[in-house]
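Work through the exercises below with the sequence and the structure open beside you. Each exercise sets a task, and a worked solution follows step by step.

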Amino acid sequence: MEKNNRKGTVLFSKYTRGEGIKKVLSISREDVLFELRESKLKGRGGAGFPTATKWTIVAAAKSDQKYIICNADEGEPGTFKDRVLLLEYPELVFDGMVIAGYTIGATKGIVYLRGEYEYMLKSLEDYLEQMRKDNLLGKNIIGKKGFEFDIEIRLGSGAYVCGEETALIESLEGNRGEARNRPPYPVNTGFMGKPTVVNNVETLASVPHIIAKGGTWFQKHGTDKSTGSKLFSVSGDCGKPGVYELPWGTKISELLKIVGAENTKAVQVGGASGTCIPKSQFERTLAYEDAATGGSIMIFNESRNMLHILKNFMEFFVEESCGQCTPCRIGNTKLLEGVEMIERGEFTFNYVNQLKELGRTMQVASKCGLGQSSPNSFISILENFKDEIFFQNGNGGTHGK
Amino acid sequence: MESKGDLRAPVSQTPLVVEKPKDTSAIGGMVSIEINEKKVSVPLGTTILEACRQNGITIPTLCHHDDLCVAGVCRVCVVEVEGMRTLQASCAFPITNPLKIKTSSPMVRKARRNIIDLLLSEHYGECYSCFRNGKCELQSLAKEYGVDNYTFGHVTEPKYDVDKSSYSVVRDMSKCVLCKRCVRTCIDLQEVGVLEAIDRGDKTHIGTFLEKPLADVICINCGQCINRCPTGALRANDPSDEIWAAIDDPTKHVVIQTAPSPRAAIGEEFGLGAGHSMTRELNTALKRIGFDKVFDTNFTADLTIIEEGTELIIRLYKALVQKENVALPQFTSCSPGWVKFIEHYYPEYLDNMSSAKSPQQMFGALIKTFYAQKAGVEPKDIVSVAVMPCSAKKFECNRPEMYDSGYKDVDYGLTTRELARMIKEAGINLPEMPKSDFDSPFGEASGAGLIFGATGGVMEAAIRSVVEFVLGKKVEDIFEKANIIPLRGFDGIKYMEIPIGDKVGPVPDLIKHLVPNWDWLKGAVLKIAVAHGTANAKKIMDDIKAGGKFSECHFIEFMACPGGCLGGGGQPIPTTPEIRKKRAEAIYAEDESLELRKSHDNPNVVRIYEEFLTEGPCSHLSHELLHTHYTKRGRYIA
Ligand SMILES: Cc1cc2nc3c(=O)[nH]c(=O)nc-3n(C[C@H](O)[C@H](O)[C@H](O)COP(=O)(O)O)c2cc1C
Ligand code: SF4
Ligand code: SF4
Ligand code: SF4
Ligand code: SF4
Ligand code: FES
């Protein structure tokens, strides 16, 4: 697998396969957890949960079997950074899993690979096979007596919701991909009812660096609350779309400059379930504490019609809702219908407000993150671009008063 | 030909167990919480919903059902928990640490109202033309939350065709709110699993395997899904129009038999609490509606005991004395849901099934033969109706083998709910009816037949007779008041051993031609078991397959429905463990109030063997009319 000669301060910094594993096997589990806590690493899959906390709970759990699952479902529209990591930096992801296995006491790791990434299955399998040959997987890993760990890759089912960790586990267990009730959480009752860590590809890929270079080193990058760097999948209206490693805390305007975006009207941060940021807010920073994102950055220039963009997002959710809970299953349909009404100019502001209220209900009452975040773009686009949507395109017309 | 192979059930619906910490002693097993600023203490692991109910706070629910595992999908039960960003589904949230809960904050009320409005926007149905009108959980939610307009619009076209293929269950998915209670019922309670959620997003719907009509999948017709559906999306296939037409046709002689469970429950349809038997009031009401004769199914329940008991004795005699290879344990066959279950899932065990028909079908065969002769009516002019607690009885009476009288033995199976509607339609308030008796020639029946309605009842009735037959002493001398308590109650599986000892009685005349004496039973231990709900039946069957303890049983009672017939799929809605318990109490109380409590003491039964089935039980004629055979269906349906 060819490295694209990528540049970056943390993830894309120098790392040799096995480096983190060797180091970790010479220190105690407590030390690993300490480094992790020091690093303040937070989950890169979207929710931003502190990784050390997650690992500590599972490490402390008493169970005959535990699991580490690498979430490589990468289904959020506009995200393709996990693909880059898997294709070009598999050593980071897999070493991260081995380190996790050692720390939490799991003997098995599973990669839940997005169905569309089937094409990389063969090369990843080969890579794992080589790791086995080199005793980086298997029994008594590089001579560490009693440490056994192996990794299996499973192909996902193609549904967006299967990226949600409990739906992912259901899917792995052979069931319909539907989110579970929480509590209990996967850290207590996860895959096959056993304590399970589910981490994003990028989260796991950060771990070997932290082990090799130290939590304090990691923490120096980024902001106080968002440490380290982030891979951004940049798409849309810009000169140089692609995957960029930038420190947390980078301003949106800075990013736009780096990727060669001009005449930008809006930036959708966090994919379809994220928020849409207008020009007036481009000085905001990309960070958990400000404009948070799992990595997706979509850039829209002045020629774009925001209502059409919103419609695309809502169509996505209407289709991708798993359909089990009421707010999300029917709510998204109603929001999409609302967008279509606005498109036709057949709406009242009263009803639009009612739909925003509905959106807020969906955010708090849906069963999983999909329904809880699907109204974000509806609310943010209608609020941040109301002039364009209701008055400039003539949609407001005679009806929207 | 399609098969689901071993993936019988849509496994996605396997219950999620709400984890309760095992050792709670450290904190006395209790957690202090605050509900609406009131401090209360609840056992660890209690759900928020349970905690609220225990403290007199009502929380609306839709997908929750006391009989079923947690789903947490409708979201109408959401509450606010301090410190949590989102609202929590109270039915799905186990309390493991101190919480502050608000059950009716503005955010909660707004969310619930929005959710109900969403459900209504997609719900195609008009209450006035719906059988659940007045008894629908969606309707009452709308009422409770003051819905007076369709905020998010309303569908004007049905989304799905109504599936009327099944004799038993009609599916109108345009009224479905996707609570999945039916799915969970079919899988968890019944372990059948023909219903599942299909597709996703706005196309999500409840469907059958490969979207086939219900008649073409391995549904056992138990109707348990109907009883747990909160809306009118599932209902039984209602023959009342045809029955009205027969009543109104002067050339037809319309007779009706009533089973014990409907009588114990029909009062609920008239505003009475659970547990009021309406047997004699019902006799009067049925006459007023226009039925020509009203018979008591318990009569053929008594007959079933004689036939099935004799069959058991024959099997035991063959096995123990004649050393023949006969199938044991013998399984009861009066629950048509169970019959279809075993035909699909354990066809290799059909030889274990008693060949005796169910009481409904025995009666059907006798009405169009024995009764027709006696009453001087042409069998072709008789329309025979059976009021049953059961939707599977509708399928049963339509089985091609149920024409032993030369006609369709039972023309219509009518559920308790459907009969209640007919009675209301006739302007009759059942509880106010004067009491009257059943019609001759069958007349009254025994309490043994009556308790067929509760799980364990068939076995208890059989034991009352078998004990007296074999031991030659009164059953009251062994079991106080002839109540065989170990066979009662709602444990999923019950097991009992009855040692015969070395004192046996004389063989009664009725079966003297079959066994010379009881000496061969001396010292034996009769092993019996009872299961209700096909999930429990499955446990026993799997144990038998594995050669476990139940394979050594002699006789096992199986009922498809949880609680037995009193919890049948045709019974008044709602059904809860509490309601089923009350119905059982009503049945056992009525039994105890009767003089006649043993099937073999029923003078009308004795008479029918003297006058009609003169060669005795399990004889040629009885086999022709009162016994049947089964079909190996397997898990594949063409
Ligand atoms: C609808 C939905 C889709 C998701 N898809 C992904 C995904 O594709 N990849 C991912 O890593 N996390 C995804 N998540 C987040 C996961 O549920 C989970 O939080 C994450 O895998 C945890 O890993 P982390 O702590 O390393 O971020 C998704 C969440 C939701 C609600
Ligand atoms: S929020 Fe949407 S995706 Fe999540 S459980 Fe509910 S219906 Fe399924
Ligand atoms: S299911 Fe309920 S709400 Fe719907 S039409 Fe029937 S009674 Fe009315
Ligand atoms: S009638 Fe019984 S077997 Fe058939 S779908 Fe309903 S619950 Fe399942
Ligand atoms: S058919 Fe009834 S029980 Fe089944 S999901 Fe629909 S509303 Fe619920
Ligand atoms: S009753 Fe709790 S989610 Fe439906």
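**Exercise 1. Find the place of A:Ser374 in chain A and decide whether this residue is buried or exposed.**

Solution. Begin with the position along the chain: in this predicted model, A:Ser374 sits in the loop that runs between α14 (369-373) and α15 (375-384) of chain A. Next, turn to accessibility, where the cut-off for a buried residue is under 20% relative accessible area. Because its relative accessibility is 0%, A:Ser374 counts as buried. Finally, list its partners, setting aside residues up to four places away in sequence: A:Ser374 touches A:Met314, A:Phe317, A:Asn332 and A:Met362.

**Exercise 2. Do the same for B:Ala142: is this residue buried or exposed?**

Solution. First locate B:Ala142, which belongs to helix α3 (residues 137-144) of chain B. Its relative accessibility is 12%, and therefore B:Ala142 counts as buried. When neighbours within four places in sequence are left aside, the residues in contact with B:Ala142 are B:Ile116, B:Leu120 and B:Val147. As a last step, take a distance along and across the chain: B:Thr47 is 95 residues apart from B:Ala142 in chain B, and 25 Å separate the C-alpha atoms of the two.

**Exercise 3. Describe the largest nonpolar core, and state which of its residues touch the most other members.**

Solution. Start from a general tendency: in soluble globular proteins, nonpolar side chains tend to be buried together. Here the largest nonpolar core has 76 residues, and those that touch the most other members are A:Phe378, A:Ile381 and A:Ile389. Helix α11 (residues 306-320) of chain A supplies the largest share of this core, namely 8 residues. Now look more closely at A:Phe378, which, apart from neighbours within four places in sequence, is in contact with A:Leu310, A:Met314, A:Leu335, A:Val339, A:Leu355 and A:Lys356. Another core, of 63 residues, lies apart from the largest one, and B:Val255, B:Phe370, B:Val377 and B:Met559 are among its members.

**Exercise 4. Characterise the largest cavity by its volume and by its lining.**

Solution. The structure holds 11 cavities of 30 Å³ or more, and the largest has a volume of about 280 Å³. Of the 27 residues that line the largest cavity, B:Cys334, B:Met388, B:Pro389, B:Lys393 and B:Cys565 are the closest to its centre. Sorting the lining by type gives 16 nonpolar, 10 polar and 1 charged. The largest share of this lining, 3 residues, comes from α9(B). In terms of domains, the lining draws at least three residues from each of domain 2 (246-299 + 360-432) and domain 3 (304-356 + 445-626) of chain B.

**Exercise 5. Characterise the second largest pocket in the same manner.**

Solution. The second largest pocket contains about 590 Å³ of space. Its lining has 24 residues, and the closest to the centre are B:Phe131, B:Arg132, B:Asp238, B:Glu418 and B:Arg421. Two or more lining residues come from each of β9 (234-236), α6 (240-248) and α13 (416-425) of chain B, and α13(B) gives the most, with 5 residues. By type, the lining of this pocket divides into 6 nonpolar, 6 polar and 12 charged.

**Exercise 6. State which domains are assigned to chain A, and examine how domain 1 and domain 2 meet.**

Solution. The domain assignment divides chain A into domain 1 (6-219), domain 2 (229-301) and domain 3 (306-392). Taken over C-alpha atoms, the centres of domain 1 and domain 2 of chain A are separated by 26 Å. For the contacts, 22 residues of domain 1 of chain A are in contact with 18 residues of domain 2 of chain A.

Terms used: Residues numbered from 1 in each chain as written. Chains lettered and ligands numbered in written order. Predicted model: local features only at pLDDT ≥ 70, side-chain atom pairs only at ≥ 80, totals over all residues. Heavy atoms only, no water. 1 Å grid on protein atoms, 1.4 Å probe; cavity = no way out; pocket = protein on both sides within 12 Å on 5 of 7 lines; lining within 4 Å. Points joined across faces, edges and corners; volume = space filled by probe spheres on them. Helix = DSSP H or I, 4+ residues; strand = E, 2+ residues; numbered from the N terminus. Nonpolar A, V, L, I, M, F, W, Y, C, P; charged D, E, K, R; others polar. Domains from an automatic or database assignment. Core = buried A, V, L, I, M, F, W, Y, C linked by side-chain atoms within 4.5 Å. Buried < 20%, exposed > 50% of the residue type's maximum accessible area, 1.4 Å probe, protein only. Contact = heavy atoms within 4.5 Å.
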